[in-house]
Amino acid sequence: MPSPTVPSLAVPSPAVPSPAVPSPAVVDLRAGRRRDGVPWTDSPAPVLSWRTETAAPSWDQASASVAVTWLDRGGARESVELAGPDSVCVPWPFAPLRSRERVEVEVATTGTDGVVSAAARIGVEAPLLDGGDWTASWVSLPDAPEDAPGQLRTRFSAAAAPVRARLYVTALGSYEVELNGVRVGDEVLAPGWTSYRDRVLVQTHDVTDLVRPGTNVLGAWLAGAWFTERYGFFGRATRAYAGPAALLAQLELTHADGTRQVVATGPGWEGSIAGPLRSSGIYAGEEFDATRHDPAWSTASGAADGWAPAAVGDLDPAVLSPAGAEPVRRVLEVAPVAVTTSPSGATVVDFGQVLVGRVRIRVRGPRGHTVTLRHAEVLEDGELATRQLRYAWSVDRYTLAGGEQETWEPRSTFHGFRYLQVDDWPGALDPADVTAVVCSSDTRRTGSFTSSSPVLDRLHENVVWSTRGNFLSIPTDCPQRDERLGWTGDLQVFSGAAATLVDCDAFLASWLTDLALEQRRNGGVVPIIVPTAMAEDSEGVVAAWGDAATVVPWTLYERFGDRDLLARQYPSMRAWVEVELAQADDDGLWTRGYQLGDWLDPRAPADRPREGRTHPSLVASAYLFRSLDLVARTAGVLGHGEDAARYAGLAERTRRSFTDTYVTPRGRMVSEGPTTYAMALVFGLVRDPDLRAALGRRLAGIVREDGYRIGTGFVGTPLVMDALCAAGQTHAAGRLLLQTEAPSWLYPVTVGATTVWERWDALLPDGSVNPHEMTSFNHYAFGAVVDWLHRGLAGLAPAAPAYRRIRVAPTVLDGLTSARSELLTPYGPASAGWVLDGGRVTVTAVVPPGATAEVVLPDGSTDDVGSGEHSWTVPWSPQRPEPVLAGLDTDLADLVDDPEALTLVREVLATHDPGRARAFDGGLRYEAGSTLRTALLFADPAALDAVGEALTGLVRERSGMAR
Ligand code: BGC
């Protein structure tokens, strides 16, 4: 039952107050969206954000004084007073920065109480902003296959140590730079994956301390990574991009006399494929032969053997774009929890956690000896289960140089794994010799959740792990098999959860830029995968997947207050709804084309995940409404009045047609799946309160008929808890959330899952791996429910962009006695939660400075508060319906509401009539009114008697207890 204890990703709890600061003080000042503390901006006019820490209650910002010191313009200082409360994504209030320009930005705030805060200061430096800044050309490995990995280098001489040295660098592929034998930066798989045809990200590094007078050597490891990978299904994979892997680097030295020396890739560079990096692939893994390694290769004493002039290619600087998001880094190390020998005799290391990254080994052995590392997320019959990896071999090989102890970690690949099979290890493996290095886009963790249920808490933690694992340069579907692709639908349904768990504004803003570029290439149609990787991913107009174009920018606006991004994405949002409208009929319903529907509805056939209970045209039409509604609202925010009216009108047309066509006047829907009802309730398709209540009752009825097991796929899963609670059906909501039988959110946790699975039954209840090859153990979509744990259960939801206004409205669920959310919002640490104590519930909340909260307590009473700590206690009585148990004539729907009786029936049937017992396994699909006796028609009479007796016993026992 309990899942293994694993280290939580190394992140401090966000709501822990930072060390004593003079109150008030500006903190967390940043220019642009990145949160990793580097000075590099991606824009000449980066947005500014800051927050004020203060213990003063109900604090609000009256004004901010923002100053810039132009370090490259003689230190001139300029300042502006910005009246009002804005402190999140504030437009740059000065002249735009020039290429390479360095400034210092300082912000102090004045509260409405008149008290001036301590100021915060940061350095900001502009990247190369103009194509004309570049003198570098692409360089590739000489006489090499296009996807061969290798090394590139050049020698240069510096007359003196520079006062400043900046390296601007990128690759078509992945690179790691060394300068005079020292690794530059700490990025993994840089520059990451973007729509390479249109956009390649440039990284900036301060290398002032690494350049020395005299001879210097600048070198780079180069691998094809995502650029040369082959993508496609069923063994028909092809490359997505043409041409060889290539490096682009421009090192600029500024000398004391103000002169600039530039060392750039181009003629004069040499390359080698004779070195240790023998082969490399994102899917295949990496082979490194240390016998071929010249440790001095990137220094002046590097050997010359095997090197030849690099191939030089033309640069179109229009594709270059400064990196504006946190890069992939090594974010955590995990030690083995066990080393065992498999039935076949293999050495298997268990890291206790499904994670993403690679393994660092420490090894000593004979020269030329090769160690092989194989990776898998699960074991099957005690052996590594690799079938689900399909064509992603995920094998790393290291050939020892011999002699001293050697340390190695692959540099141009990553794997999704928990288990490592180590073949041909010289001698006995000491667990300390293998370390899992977790790699992820280095976004800051912002959300944590705790409750009275350790299983629910572990679900939350599993979702955090799946977020880390699938936020690796781009948001992916899964990190292990031969996909690891930017499926738009997966992120669309998960974006709210992601924005709760991590500070992903910069990360997703970068991906949305690629989405818009790919969309533009594709005539407005948003591909189902971004960056596109194969011809087929741009073909269909697919609801819920393409709607990432509208939902994700809106979510980032809602959670991070990123109006700037909303404005930037607006053309993409608009182009997407126009494409959708072209699919719609005259009534504004979208009923045609290939759809993925409510993907992976557990009731869909295992090999046809599109064929769930909700008809695809309902998903398409509901999403058409959703996107039109979001574009109308966005147009309103951005002041495009005409668009706002037009799209609101079109949304209303679709809404009416949807309800006229699919909703009956008494509150039933065609296509009776929970997802259908959830969309109608949560997207606002149905507004009439009576009709909403009726739909809510029916939704609860369906959930109950399903035996409180999950009945939703990608589309419905993020919505169903909101839908039930919005309709007041909290009893059903609680049973659904806390269900531990498959399929459910908690079932995987109870059988030891440490991440979120792609399928509700990736591991079948008998412990075997789901035989379908599309079975990943690290797919975040179904984890989208954690957003509701924060917003709905603990009750901490944004009521205005960036949580400037918070809605504290917790939901007390039967089966739990407490729940609490802590979030680092753009205004500062916030929290909300509740604790049940007998007949009273105490709600607490922390509202950050500059924010206010509207409060709705579990008894319906309301409050309105400013920043500070708050607490309320109100009476509470449970909502649980009294069990109505009447032996064999119990209504089946009542039996479902009586877990104790249901378990008893199952147990008795299992011993007396196992065949019948199975009928109770997949959920009780009977309408209210049918009884246990009818469900057991034709059962073995002895079994019927035994069940009847057992229930009568239970009834008696209960009435005895009642007395
Ligand atoms: C991916 C998904 C994706 C789906 C859609 C799968 O192979 O892993 O998560 O959204 O295909 O077709």
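**Exercise 1. Work out which residues of helix H14 are buried.**

Start with the list: Val785, Val786, Asp787, Trp788, Leu789, His790, Gly792, Leu793 and Ala794 are the buried residues of H14. Buried here means under 20% relative accessible area, with exposed over 50% and partly exposed in between (1.4 Å probe, protein chains only). Helices (H or I, at least four residues) and strands (E, at least two) are DSSP runs, numbered from the N terminus.

Next, the tally: H14 spans residues 785-794, and 9 of its 10 residues are buried. Then look just past the helix, where glycine 795 follows with a positive phi, near 90°.

A word on the input: this is a predicted model, where local features need pLDDT of at least 70, side-chain atom pairs count only at pLDDT 80 or more, and totals for chains, interfaces and linings use all residues. Residues are numbered from 1 along each chain as its sequence is written, and side-chain values use heavy atoms, with hydrogens and water left out.

**Exercise 2. Describe the ligand's surroundings.**

Step one is the shell (residues with a heavy atom within 4 Å of the ligand). Its members include Trp487, Trp545, Trp599, Phe714 and His779. By class, the shell splits into 6 nonpolar, 1 polar and 5 charged residues.

Step two is the short polar distances. Aspartate 490 has a side-chain N or O atom 2.5 Å from a ligand oxygen. For aspartate 477, the distance from a side-chain N or O atom to an oxygen of the ligand is 2.7 Å. Arginine 481 also puts a polar side-chain atom 2.7 Å from a ligand oxygen.

Step three is coverage: on its own the ligand has 310 Å² of accessible area (Shrake-Rupley, 1.4 Å probe), and the protein covers 94% of that.

**Exercise 3. Place arginine 411: is it buried or exposed?**

First locate it: arginine 411 sits in the loop between strand S31 (406-408) and strand S32 (415-423). Its relative accessible area is 18%, so arginine 411 is buried. Now check its contacts (heavy atoms within 4.5 Å). Skipping neighbours within four places in sequence, arginine 411 touches Glu176, Glu178, Leu189, Trp221, Glu286, Phe288 and Arg358.

**Exercise 4. Trace the sheet that contains S42.**

The order is S37-S38-S42-S43, an open sheet of 4 strands with mixed pairing. Two strands pair if DSSP finds at least two bridges between them. S37 (797-798) and S43 (862-865) are at the edges with a single partner strand each, so one side of each has no neighbour in the sheet. Finally, S42 (residues 852-856) pairs with S43 in the antiparallel sense over 4 bridges, and valine 855 stands opposite aspartate 863 in S43.

Note on methods:
A polar contact is a pair of N or O atoms within 3.5 Å; within protein, one must be able to donate a hydrogen and the other to accept it, and residues adjacent in sequence count only if both atoms are side-chain atoms. Ala, Val, Leu, Ile, Met, Phe, Trp, Tyr, Cys and Pro count as nonpolar, Asp, Glu, Lys and Arg as charged, and the others, Gly among them, as polar.
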